[in-house]
Number of protein chains: 2
Amino acid sequence: MRRTSFASMNCSVARTLEVVGEWWTMLIVREAFFGVRRFDSMQQRLGIARNVLATRLQSLVDHGILERRRYQERPERFEYRLTEKGLDLYPVLVAMMRWGDRWTVGEDGPPVTLLHQPCGNETTPMTTCSACGEALLARDMRARTRAAAGPSAPGA
Amino acid sequence: MRRTSFASMNCSVARTLEVVGEWWTMLIVREAFFGVRRFDSMQQRLGIARNVLATRLQSLVDHGILERRRYQERPERFEYRLTEKGLDLYPVLVAMMRWGDRWTVGEDGPPVTLLHQPCGNETTPMTTCSACGEALLARDMRARTRAAAGPSAPGA
């Protein structure tokens with residue numbers, strides 16, 4: 001079954017899924033955040049078919065999330081590094097990780113914990129308000145759709 | 001091509017993708033957060049095939065993310081509501097939304113803005129440290145892997 005292209009939907013969630021909504025994509029991004037840069041390491045760690053990995057990496061490069069850099073000349077070898085756009089996926093990744101920690105892990109607890117080096121503590125990523133700093137809860141939020149008119153919509 | 005089941009991977013990102021990593025799933029969850037509860041409304045808004053929507057809704061019910069409730073007896077009619085586990089996907093959704101706002105929208109700006117009702121301000125969801133409250137940046141983080149299984153953090 002072919003999916004609809006979400007890029008045409010006027011919704012940032014849909015457009016994000018258009019880029020990273022494929023099964024393997026976020027796991028490749030996860031590997032990149034773990035510092036894994038080379039094709040063979042990714043392939044081994046993910047247990048993914050080589051052709052699938054090649055296609056996914058190419059798509060991430062095409063979308064400007066990974067950058068392909070040559071690190072050796074003879075023979076030519078390349079590695080993949082997160083761009084600024086890719087690094088900015090960190091909140092998506094940790095939000096997924098946190099949800100998985102809470103709802104999918106067993107008695108052993110979270111398989112990976114995060115250390116926030118500047119403060120030196122083990123951290124649980126929180127989603128907070130840019131204005132008041134409090135935790136954002138779904139029930140406290142109201143979504144406003146911008147009118148067709150454009151950026152200077154009501155409420156601005 | 002059949003994908004691998006990620007549930008067996010000892011990683012909370014992988015396990016989360018196992019549940020919500022399908023193309024349509026997060027958009028159905030988005031609709032639920034927008035307050036859309038009925039099959040026909042979802043179907044219309046998403047432009048999704050009825051059989052695909054039915055399968056996805058069933059999967060979300062099976063995973064305990066949506067709850068199916070009868071709201072009318074004759075004829076019997078049901079609606080879908082987010083459970084606590086479903087509501088807890090809000091940080092994943094807003095993280096995707098924020099990334100999409102930043103990297104995929106054009107000059108018109110974000111199609112949807114969020115109002116944080118307790119403080120009364122338009123908000124940009126931030127990912128912050130539960131210990132010190134500062135914004136979490138990928139470069140400041142260190143991942144620690146519990147036990148032997150699963151991905152290890154290089155450089156750690």
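Two residues are said to be in contact if their C-beta atoms, placed from the backbone, lie within 7 Å. With that term in hand, this briefing describes how chain A and chain B meet in a predicted model. The buried residues of H1(B), for example, pack against H2, H6 and S3 of chain A, together with H2 of chain B.

**Symmetry of the pair**

- A turn of 180° with a shift of 0.0 Å along the axis lays chain A on chain B, with an RMSD of 0.0 Å. This is the relation of a two-fold axis.
- Both copies use the same surface, since 96% of the contact residues of chain A recur in chain B.
- Within chain A, the residue that comes closest to the rotation axis is Thr127(A), whose C-alpha lies at 2.4 Å.

**The contact as a whole**

- Chain A contributes 77 residues to the contact and chain B contributes 78 residues.
- Several elements of chain A each supply at least two residues to the side that touches chain B, among them the helices H1, H2, H5 and H6. The strands S3, S4, S5 and S6 of chain A do so as well.
- H6(A) gives the most to this side of chain A, with 14 residues.
- By class, the side of chain A that touches chain B holds 41 nonpolar, 22 polar and 14 charged residues.

**Helix H6 against helix H6**

- The axes of H6(A) and H6(B), the latter covering residues 90-103, come within 8 Å and cross at roughly 170°. H6(A) is therefore roughly antiparallel to H6(B).
- In H6(A), the residues that meet H6(B) are Pro91(A), Val92(A), Ala95(A), Met96(A), Arg98(A) and Trp99(A). Their counterparts in H6(B) are Pro91(B), Val92(B), Ala95(B), Met96(B), Arg98(B) and Trp99(B).
- The contact of H6(A) with H6(B) has 10 nonpolar and two charged residues, and no polar ones.

**Helix H1 and its surroundings**

- H1(A), residues 12-20, packs with H2(B), residues 25-33, at an angle of about 170°, and their axes are 10 Å apart. This angle makes H1(A) roughly antiparallel to H2(B).
- Val13(A), Ala14(A) and Leu17(A) of H1(A) make this contact with Met26(B), Leu27(B) and Arg30(B) of H2(B).
- Five residues of the contact of H1(A) with H2(B) are nonpolar and one is charged, while none is polar.
- In chain B, helix H1 is mostly covered, and nine of its nine residues are buried. Among them are Ser12(B), Arg15(B), Glu18(B) and Val20(B).

**Strands across the two chains**

- S5(A) is joined by five bridges to S5(B), residues 125-129, and the two strands run antiparallel. One of the pairings sets Pro125(A) against its bridge partner Cys129(B).
- An open sheet of three strands follows the order S6(A)-S3(B)-S4(B), with antiparallel pairing. S6(A) and S4(B) stand at its edges with a single partner strand each, so one side of each has no neighbour in the sheet.
- On average, neighbouring strands of this sheet are turned by 40° against each other, direction ignored.
- Within this sheet, S3(B), residues 112-116, pairs with S4(B) over three bridges in the antiparallel sense. Leu114(B) stands opposite Thr123(B), which belongs to S4(B).

Key. Residues numbered from 1 in each chain as written. Chains lettered and ligands numbered in written order. Predicted model: local features only at pLDDT ≥ 70, side-chain atom pairs only at ≥ 80, totals over all residues. Least-squares fit on C-alpha atoms with pLDDT ≥ 70 in both. Axes fitted to C-alpha atoms, helices over the stretch in contact; angles between N-to-C directions. Helix = DSSP H or I, 4+ residues; strand = E, 2+ residues; numbered from the N terminus. Parallel < 35°, antiparallel > 145°, perpendicular 65-115°, else oblique. Nonpolar A, V, L, I, M, F, W, Y, C, P; charged D, E, K, R; others polar. Pairing = 2+ DSSP bridges. Buried ≥ 20, exposed ≤ 12 C-beta atoms within 10 Å, placed from the backbone.
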